[in-house]
Amino acid sequence: MPKIEVNEELFFGLAGKTWSDKEEFEEDLTVAKAELDEWDTSLSADRERTIKIELNDTNRPDLWSTAGLARQLRMYRTRSIPSYPFFASRKKALKAPYRVVVEKSVKGVRPWLAGLVAKGKPISDALLRDMIQTQEKLAWNFGRKRKGVSIGIYRIALIEWPVHYRGVDPDKVSFVPLQETRTMTLNQILEQHPKGIEYASILKGRPVHPLLTDAKGRVLSYPPIINSADLGAVQVGDAEIFIEVTGSDYPSVALSSAIMACDLADMGFEIDNVQVDYEYDTPFGSSVVFPYYFQEEVSVPLDDANRLLGSSLEMADALEALTRMGLCAYSTDGAVIHVAPPEYRNDFLHPFDIVEDIMIGVGMEKFVPQRPTDFTIGRLTPIERFSRKAKSIMVGLGYQEMIYNYLGSGKDYAEKMQVSAEGLVKIANPMTENYEYVRNSPLPGLLQTESVSAKASYPHRTFEVGKVVLKAPEVNYGVVTRQYIGFLTSHAQADYNEIASHVAAFMYLLGKEYTVRESSDSRFVPGRQVDVLVDGARVGIFGELHPLVLEAFGVMMPCAAGELDLEMLLED
Amino acid sequence: MIDQSAARALHPLEVKIILAFSSGDMIDSARVREKLGFKEGQDQQAFSWLVAKGVLEEADRQTEVFYELTPFGQEWHDEGTPVRRIFSLLRESGPLSLPDIAQKLGFDQKTVGSAFGALSKEGVCAMDESRRAVLARPELPQSLLDTEALLDAAAAHNGSLPETSLTPQQKALVAQYAKKRGAQDAPFRIAERAKVLFRLTPLASEYREAVTALGMTGEELGAITPEMLEKGTWKQGSFRPYNLQIPPARVIPGRRNPYVEFLDSVKDKLVSLGFEEFDGNMVETEFWNSDALFMPQFHSARDIHDVYYIEEPTHAKFIEEPYLSRVAAAHEHGGNTGSRGWQYQFDRDFTRRLILRSQGTVLSARQLPKAKVPGKYFGIVRCFRYDRVDATHLSDFYQTEGIVLGEDVNLRTLLGFLEMFAVEVAGAKEVKYVPGYFPFTEPSIEVHIKHPVLGWFELGGSGIFRPEVTRSLGVDVPVLAWGIGIDRMALMALGLNDLRELFSADLESVRMRRSQYKIQ
């Protein structure tokens with residue numbers, strides 16, 4: 001979930017309210033599903049104070065900026081929805097003073113581009129930092145680490161229009177990227193520049209890479225990797241900037257440019273349109289003026305909303321609530337609510353998505369919790385009930401119940417156990433080799449206890465009831481999860497006879513007839529280990545643990561142990 | 001003045017000494033044994049207790065030397081000395097070579113050699129021309145008979161001969177055999193013991209008065225034995241009171257694990273609220289873990305660095321129909337769910353990818369096709385996350401999840417449930433609901449509670465399953481979905497502050513751990 005840092009003065013100014021009480025601020029943030037993360041009011045002067053805020057809604061990128069979050073809080077309080085007249089749409093044509101040409105050559109690699117121009121006031125330090133943060137959050141979280149969306153910002157003064165967006169041979173084009181002083185080819189940037197290395201996977205191996213140049217052919221940027229050091233550097237004090245968004249997903253590209261435009265407008269900039277001429281057709285046409293309003297109207301019957309909320313809201317209440325959320329909503333028949341999503345939002349997938357906005361607009365405190373009336377019978381799973389029975393027998397036999405993690409190392413699960421790792425399910429992308437395998441037996445956990453508990457008074461008698469994962473090529477997933485019990489006794493006289501007596505008592509009390517058959521498991525001493533058979537089926541094993549196993553775990557006390565498949569014992 | 005409880009705490013041996021002697025009397029082991037019939041050791045025990053209480057004080061101390069039979073000496077006594085046994089053998093069997101003697105008597109060569117040497121020196125034995133030992137005289141020399149007499153005397157004294165009881169000749173003889181602290185092959189060892197003379201202090205009289213007043217005799221009954229019960233002998237005596245303040249010896253009971261017991265208590269609570277438990281595979285597909293929950297395949301939470309992938313096998317063979325087609329349609333364009341979908345090409349290969357389940361909601365999704373209406377289901381299940389393990393993160397941990405299906409469930413009934421969990425399960429005094437976000441619910445609610453100890457914290461997340469989720473899985477009624485985080489409550493209940501401690505392998509710390517939670 002994205003976390004942003006807002007300048008206190010800038011944020012309070014845009015929100016139209018000054019908070020001094022933390023609790024009240026936190027309360028107000030809930031309408032944007034935002035949480036206060038850090039706000040150290042004791043630090044520095046307010047001008048420089050920052051507030052860290054976490055945003056929970058991954059489908060509302062418009063809230064991941066100072067202006068966007070402030071807008072939501074402001075509208076909720078004032079019920080006044082700002083208008084952004086600079087948006088073109090299918091129904092509304094606008095003339096654009098700037099033009100970008102998107103050439104056919106880029107279609108196969110990164111086809112979509114949107115742009116806008118902001119002017120009218122010099123950029124302050126706080127504003128510049130905020131703009132860069134918005135750019136990063138949109139590209140990283142919403143744009144899936146620049147794959148879906150990336151954003152470039154430029155000083156207009158240096159650009160000759162129209163700007164061209166085209167696909168080029170990555171070995172034939174070179175320029176000086178930001179944070180560098182030498183000319184590099186695109187492939188060199190991918191291999192050597194820190195940003196190139198970070199985002200190389202998006203373009204590596206492609207025959208054609210995207211490039212943005214001005215009318216004179218000077219490079220603006222190499223999307224989504226890096227800007228040029230000449231035309232692509234923005235500084236405090238610049239008064240006219242060009243913003244472009246490129247990417248692989250058109251609605252996300254258009255929405256990101258809309259969010260940037262609305263934010264900058266809220267902060268007092270004038271927005272100029274940019275006409276983007278494609279050499280191919282797009283869902284919005286081949287010549288699109290940005291910022292572009294592409295969202296479709298959505299509607300939901302008031303009855304549906306009331307049913308979902310358990311409420312009895314009147315149409316006026318619902319419309320009022322939606323207004324507080326910043327949505328232009330209306331009804332022509334008093335039964336169906338229609339909503340035109342705001343320019344900066346595209347999160348209405350289902351009519352029910354409107355209902356949540358009604359809920360927040362009305363206010364959570366208005367919904368009184370209601371005790372459920374449906375009668376249902378509660379019960380535990382059969383295996384849980386059976387396991388509890390097994391546990392009480394083990395406790396009666398003097399065993400201490402343990403619980404362990406299910407992930408571990410090949411060393412603990414296979415090597416030390418003197419078994420092959422073949423039978424274990426391995427993780428393809430482990431974080432460390434300490435958590436690389438899923439266990440297939442409870443015994444390594446119990447032995448881990450022995451290896452760290454030599455100082456605890458003997459006898460040690462431990463057991464665990466828990467899951468194991470076994471390979472089973474015949475089933476759909478190729479693996480099965482089973483509920484096992486593992487048990488271990490350790491002291492100077494621990495031996496086969498003791499564990500055999502305990503298994504006998506355990507099986508008797510569970511009402512299970514069983515026989516034993518000598519087994520040959522490398523974890524146990526030969527001639528002192530048996531398979532446990534119930535109706536001819538093998539349900540587990542017990543015996544004296546092999547000194548090789550004990551030595552590998554650093555255990556200097558004899559141990560006898562066993563494991564049984566509780567699910568097999570539960571059957572019949 | 002000695003109070004009654006101090007007198008009552010006296011051991012019968014102490015009582016007997018206090019009653020038998022008076023302040024100022026001088027006593028030692030011999031006297032006590034003679035007068036009170038104490039067995040060996042009892043006198044020393046009683047002396048040490050009485051000295052500690054200040055009833056006795058040391059008046060004089062002398063060191064006495066004892067010659068004690070070693071196990072080797074005991075063997076000489078029981079079986080005969082090697083000299084005696086060789087002598088007897090030769091007398092019965094006639095001449096024998098030394099190795100034959102060793103073999104017949106089970107001695108080693110060295111023992112036979114030195115015994116034969118001793119017999120030769122005394123002129124009892126000789127070697128004949130074929131190097132066999134033969135008897136030269138028909139009886140044993142006096143010195144060897146003296147040795148045997150000494151062994152007999154020692155055995156008669158419980159294996160311990162006071163030096164003072166020996167004649168000078170005996171002393172000289174025993175000195176040949178004895179080594180200080182006793183070597184393995186010597187029949188005697190020298191032991192020095194202090195002989196202490198004690199004086200009864202004036203406190204003895206005070207104790208005596210108290211003991212007499214209580215009617216104690218030192219003959220009270222100790223442990224009740226089956227024999228006493230059988231014969232009824234307990235009827236003639238009175239029971240000696242025990243010192244009840246002595247810390248008891250430790251026992252190690254078999255017991256449940258306190259963390260698992262805590263989880264069980266939550267399960268029981270949910271069952272009591274009408275929920276039926278579900279469970280399932282820890283290895284799951286992307287389909288059930290996320291796709292069926294309408295999380296788009298490009299969602300940031302589905303990154304390679306958020307879930308664990310299985311190395312082998314990599315994919316399930318198939319995904320159950322009609323769910324696969326319906327879910328794919330919901331993602332692509334909404335299908336029959338009333339949604340416009342996420343508008344992308346659903347990857348039917350990726351959806352079969354096997355992973356370790358990352359959220360318990362997977363089981364809620366799996367329950368939907370077979371759920372009853374009305375129905376309530378829950379599970380407390382192990383989930384896996386790609387996280388660095390530390391005090392607040394584990395690579396595998398428990399999640400508590402559930403669903404409620406019903407014709408008439410809605411946001412307010414959801415709040416009703418959350419309130420019930422907050423009060424019944426978490427013991428909350430105040431509850432607060434705030435809008436939340438989960439990809440599979442709309443609307444989504446977070447519930448925060450004010451805990452008596454922890455203060456305000458997020459108890460869990462919840463919401464109403466999106467129609468894209470429920471309709472694709474064949475459910476047409478609203479479904480409430482909730483998850484509660486109980487790790488913090490578990491830590492508090494167990495008095496811990498590190499999540500790793502919940503799964504501790506350390507036996508002693510698990511044995512000693514106590515749970516502090518109250519089951520309501």
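Student: Before we look at this predicted model, what does an axis stand for when two helices cross?

Tutor: Good place to start! For a helix, the axis is a line fitted to C-alpha atoms over the stretch in contact, and angles run between N-to-C directions. In this predicted model, helix α6 (residues 82-93) of chain B and helix α8 (residues 109-121) of chain B have axes that come within 9 Å and cross at roughly 80°.

Student: Are α6(B) and α8(B) roughly parallel or roughly perpendicular to each other?

Tutor: Angles of 65 to 115 degrees count as roughly perpendicular. The two axes cross at roughly 80°. α6(B) and α8(B) are therefore roughly perpendicular.

Student: Which class do most residues of the contact of α6(B) with α8(B) belong to?

Tutor: From α6(B) come Pro82(B), Val83(B), Ile86(B) and Phe87(B), while α8(B) brings Thr111(B), Ala115(B), Phe116(B), Ala118(B) and Leu119(B). One of these residues is polar and none is charged, leaving eight that are nonpolar.

Student: How many residues does chain A give to its contact with chain B, and how many does chain B give?

Tutor: On the side of chain A, there are 36 nonpolar, 25 polar and 16 charged residues. Elements including α11 (382-396) and β25 (460-471) of chain A each supply at least two of them. The contact takes 77 residues from chain A and, from chain B, 77 residues.

Student: Which helix gives the most to the largest nonpolar core?

Tutor: That core has 240 residues, and Ala561(A), Val479(B) and Leu480(B) touch the most other members. Among the residues that Leu480(B) touches are Ile403(B), Val404(B) and Phe417(B). The top contributor, with ten residues, is helix α7 (residues 250-266) of chain A.

Key: Residues numbered from 1 in each chain as written. Chains lettered and ligands numbered in written order. Predicted model: local features only at pLDDT ≥ 70, side-chain atom pairs only at ≥ 80, totals over all residues. Contact = placed C-beta atoms within 7 Å. Helix = DSSP H or I, 4+ residues; strand = E, 2+ residues; numbered from the N terminus. Nonpolar A, V, L, I, M, F, W, Y, C, P; charged D, E, K, R; others polar. Axes fitted to C-alpha atoms, helices over the stretch in contact; angles between N-to-C directions. Parallel < 35°, antiparallel > 145°, perpendicular 65-115°, else oblique. Core = buried A, V, L, I, M, F, W, Y, C linked by C-beta atoms within 7 Å. Buried ≥ 20, exposed ≤ 12 C-beta atoms within 10 Å, placed from the backbone. Lists of a residue's contacts leave out its neighbours within four places in sequence.
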